[in-house]
Amino acid sequence: MLVDGGIELSKSAVLHALRSISTENPKYLIDTHYHFDHTDGNAWLHRLGATIVAQENTLKRLSTITRVDDWDWSFPPTTDDGLPTVLVSHAKVIPFSGTRVEIVYYGPSHTDTDLSVYFAQQDVLATGDTWWNGYYPFIDNENGGSIDGMIRAANDNIAKVSEHSIVVPGHGPIGGRAELIRYRDMLVAIRNSVAALKAKGMNREQVIAAKPTADFDAAWGQFVINGDFFTKIVYDGL
Ligand SMILES: [Zn+2]
């Protein structure tokens, strides 16, 4: 069982990692959400024999052209062999290889397709892109995401884990409950700063110019989303 197949270009690296675990092909691939960097590997993994599991909105979004203005990009529909065939509405449990795999829909958060995947015996939680460990996250406002949904999902993740759990983010290194709390607190602080400026009647450009993320940029703004871009994303979602 694999959680997210990555982009197709990483096929040989993913295969190499899988072969280091087992000579058998994966039976299941779980899509944490519809974004291409998490689902572009669907087709080749399905051709290898994996049943693709996803939230029902992932099927809708992969079946049609999806526009993401923040990337200035329209994603073409996924080919039929890359579409999920086992759909999750709210929650699903898959008994697998001696463990309980608990799959739960976050509700609208990073997108409107986000699933958490919890391996009960191993105490490992995969969060998809509701968590970027150490980085400002992208939030797909046009496709069901929002800052408030992201904060709700961050709180859900904190509630699901203990100090002993291993938590696998959508981007960044694996971490645990302490890092999740740090991330949630950053989201809440920036959300409240941007909301206060917006409530004063400032437009998006004025809020970005006010640098509400300044205290956080050195720690969190060093990956694909810098402070200005994150401010824009938060503003648009409020
Ligand atoms: Zn994503």
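**Group meeting: two sheets, two cores and a zinc site**

Setting aside residues within four places in sequence, G149 makes contact with P108 and S109. That is where I'll start. What we have here is a predicted model, so take what follows in that light.

G149 sits in helix 5. Is it buried or exposed? G149 is buried, at a relative accessible area of 1%. For a long-range reference, take G149 and H16: they are 133 residues apart along the chain, and their C-alpha atoms are separated by 36 Å.

Now the zinc ion. Which residues coordinate it? The donors are H33 through NE2, H35 through ND1, H110 through NE2 and D129 through OD, at 2.2 Å. The spacing of these donor residues in sequence reads H-x1-H-x74-H-x18-D. Two of them link distant parts of the chain: H35 is in the loop between strand 2 (28-30) and helix 2 (36-39), while H110 is in the loop between strand 8 and strand 9, 75 residues apart. H35 and H110 are both buried. As for geometry, the angles among the four donor atoms run from 88 to 170°, and the site is irregular. The tetrahedral class requires all angles to lie between 85 and 135 degrees, so the upper end of that range, 170°, rules it out.

Next, the sheets. One is an open sheet of five strands, in the order 7-8-9-10-11, with mixed pairing. At its edges stand strand 7 (91-96) and strand 11 (166-168); each has a single partner strand, so one side of each has no neighbour in the sheet. On average, neighbouring strands here are turned by 15° against each other, ignoring direction.

Within that sheet, strand 8 (residues 99-105) pairs with strand 9 in the antiparallel sense, over five bridges. Opposite V101 in this arrangement is F119 of strand 9.

Strand 9 covers residues 115-119, and S116 is part of it. How accessible is S116? It is buried, with a relative accessible area of 1%. Beyond four places in sequence, S116 touches E102, I103, V104, Y106, L125, A126 and K160.

The other sheet to mention is open too, with four strands in the order 1-2-3-6 and parallel pairing. Its edge strands are strand 1 (2-3) and strand 6 (86-88), and each pairs on one side only. Strand 3 (residues 51-55) runs parallel to strand 6 and is joined to it by three bridges. If you want to locate that pairing on the screen, look for A54, whose bridge partner in strand 6 is L87.

Last, the packing. The largest nonpolar core has 33 residues, and those touching the most other members are Y183, M186, L187 and F230. Which helices each supply at least two residues of this core? They are helix 5 (147-160), helix 6 (177-199) and helix 9 (227-237). Helix 6 gives the largest share, seven residues.

L187 is worth clicking on. Not counting neighbours within four places in sequence, its contacts are P137, I147, M150, I151, A154 and F230. Separate from this core is another one, of twelve residues, including Y105, V117, F119 and V124. F119 is a residue we have already met, as the one opposite V101.

To recap the zinc site: four donor residues, H33, H35, H110 and D129, in an irregular arrangement. That's all from me.

How values were computed
Residues numbered from 1 in each chain as written. Predicted model: local features only at pLDDT ≥ 70, side-chain atom pairs only at ≥ 80, totals over all residues. Heavy atoms only, no water. Buried < 20%, exposed > 50% of the residue type's maximum accessible area, 1.4 Å probe, protein only. Contact = heavy atoms within 4.5 Å. Pairing = 2+ DSSP bridges. Axes fitted to C-alpha atoms, helices over the stretch in contact; angles between N-to-C directions. Core = buried A, V, L, I, M, F, W, Y, C linked by side-chain atoms within 4.5 Å. Donors = N, O, S within 2.8 Å, 3.2 Å for Na, K, Ca; no water. Tetrahedral: all angles 85-135°; square planar, octahedral: opposite > 155°, others 65-115°.
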